[in-house]
Amino acid sequence: MLRSALAAFAALALAVPAAAQVPPFPADFQTREITGNGATIHVRVGGKGPAVVLLHGYGETGDMWAPLAADLMRDHMVIVPDLRGLGLSSKPAGGFDKKTQAGDVATVLDQLKIGKADLVTHDIGNMVGYAFAVLHPDRVNRFVLIDAPVPGIGPWDEILKSPLLWHFRFGGPDMERLVAGRERIYLDRFWNEFSATPAKFSEGSREHYATLYAMPGAMHSGFAQFAAFDQDAIDNRAWLAAKGKLTMPILALGGEKSFGPMMATVMRAAGTNVTEGIVPGSGHWIMEENPTATVAMVRKFLDGAAK
């Protein structure tokens with residue numbers, strides 16, 4: 001059964017770009033299916049040098065990172081997973097709390113025989129990255145978090161009051177039936193309302209991601225990511241109380257028209273060495289709206305920060 005599922009994933013990987021294109025990864029990147037911790041994680045790997053892991057968020061997959069991966073591969077080994085349940089990774093019934101997904105990251109690194117890495121994360125990737133950094137601080141050199149809060153950390157309760165974030169509580173027995181066959185409509189809401197300039201999230205990218213999120217189990221997995229936030233907040237508050245703040249260098253990047261300086265406010269509640277950054281002219285979708293500035297800011301931080 002696993003073999004047939006992986007064959008389906010591989011077929012879709014070839015078929016989706018033919019219908020709708022996103023910026024491609026460099027040809028030197030290879031893909032692997034890494035199994036363990038209750039999931040099979042689809043991973044892109046390319047480049048040589050110190051390792052860096054790029055974690056995506058909701059509404060996208062690891063495909064979002066192609067421009068940054070192309071830059072970093074010049075002197076890094078770049079590892080780009082799809083989160084469990086999303087993209088071409090498997091769609092398990094559970095395990096969408098960020099502690100479990102941090103275990104997915106550990107499994108990927110272990111099987112690639114990588115001890116330590118930099119982390120660059122966006123949206124829900126921030127939450128998975130934070131759990132990994134707390135549980136494995138000795139495996140993280142530097143940590144870049146981009147434009148999304150972390151459950152239970154800093155002004156989390158105030159952030160939850162924003163009407164723009166109603167989807168955090170969108171649940172119940174009918175939620176999947178409401179969006180079945182309407183995945184593009186549901187996702188357009190995110191791409192439009194969270195953009196400074198919606199047109200910069202291209203039609204090709206919209207078609208590409210909508211196709212992936214229409215795969216069986218993908219929307220269920222996406223909703224499960226949000227449903228786990230309450231448990232994530234409990235875990236994060238307990239870790240912060242027991243372990244204290246993260247000590248590795250952290251870059252907290254917010255889109256100018258989105259989280260902005262709030263990203264640094266969030267992470268100063270959880271880290272002792274936090275640098276603030278603003279991606280100019282961008283909303284939430286930093287790699288679509290201002291990839292040039294995002295790549296430059298991440299590159300400068302990873303090159304300049306020392307643990």
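User: Lys113 in this predicted model: is the residue buried or exposed?
Analyst: Lys113 sits in the loop between α3 and β5, and its phi is near 60 degrees, a positive value in a residue other than glycine. The cut-off for exposed is over 50% relative accessible area. Lys113 has 77% relative accessibility, so it counts as exposed.

User: And Asp123, buried or exposed?
Analyst: Asp123 also has a phi near 60 degrees, positive although the residue isn't glycine. Its place is the loop between β5 and α4. Buried means under 20% relative accessible area. Asp123 has 12%, so it goes down as buried.

User: How confident is the predictor, going by the mean pLDDT of the chain?
Analyst: Start with the weak part: over residues 1-19 the pLDDT is below 50, and beyond near neighbours in sequence that stretch has 17 contacts in the model. Across the chain, 90% of the residues reach 70 or more, and the mean pLDDT is 91.

User: What is the strand order in the sheet?
Analyst: Look for the ends before anything else: β1 (30-36) and β8 (274-279) each pair on one side only, which puts them at the edges. From one strand to the next, the twist averages 20 degrees. The sheet is open, with eight strands in mixed pairing, and the order is β1-β2-β4-β3-β5-β6-β7-β8.

User: At the β1 edge, which residue of β2 is the bridge partner of Thr35?
Analyst: β1 pairs with β2 (residues 39-46) in the antiparallel sense, over seven bridges. Within that pairing, the bridge partner of Thr35 is Thr40.

User: Moving on to β3, how many of its residues are buried?
Analyst: Take the two faces of the strand in turn. Ala51, Val53 and Leu55 point one way, and they are buried. Val52 and Leu54 point the other way and are buried as well. That leaves β3 mostly covered, the count being five of five.

User: Which residue in β4 stands opposite Val52?
Analyst: β3 and β4 (residues 77-81) run parallel, joined by three bridges. The two strands also belong to a right-handed β-α-β unit, with helix α2 (residues 66-72) as its helix. Opposite Val52, in β4, is Val78.

User: Which residue of β5 is the bridge partner of Leu54?
Analyst: β3 and β5 run parallel too, and four bridges join them. For Leu54, the bridge partner in β5 is Val120.

User: At about what angle does helix α13 run to β6?
Analyst: α13 covers residues 291-304 and lies across several strands: β3, β5 (117-122), β6 (140-146), β7 (250-255) and β8. Angles here run from 0 to 180 degrees between N-to-C directions. Against β6, the helix runs at about 155 degrees.

User: How many residues of helix α9 are buried?
Analyst: α9 spans residues 218-227. Its buried residues are Ala218, Met219, Ser221, Gly222, Phe223, Ala224, Gln225 and Phe226. The helix is mostly covered, and of its 10 residues the buried number is eight.

User: Which helices do those buried residues of α9 pack against?
Analyst: Residues in the list, among them Phe223 and Phe226, are buried parts of α9. Together, the buried residues of α9 pack against α3 (98-111), α4 (124-135), α6 (175-179), α7 (183-193), α8 (203-213) and α10 (229-243).

Technical notes:
Residues are numbered from 1 along each chain as its sequence is written. This is a predicted model: local features need pLDDT of at least 70, side-chain atom pairs count only at pLDDT 80 or more; totals for chains, interfaces and linings use all residues. Side-chain values use heavy atoms; hydrogens and water are left out. pLDDT is the predictor's confidence in each residue, from 0 to 100. Contact means heavy atoms within 4.5 Å. Two strands pair if DSSP finds at least two bridges between them. Buried means under 20% relative accessible area, exposed over 50%, partly exposed in between (1.4 Å probe, protein chains only). A crossover is right-handed if, with the strands pointing away from the viewer, the path from the first strand over the helix to the second runs clockwise.
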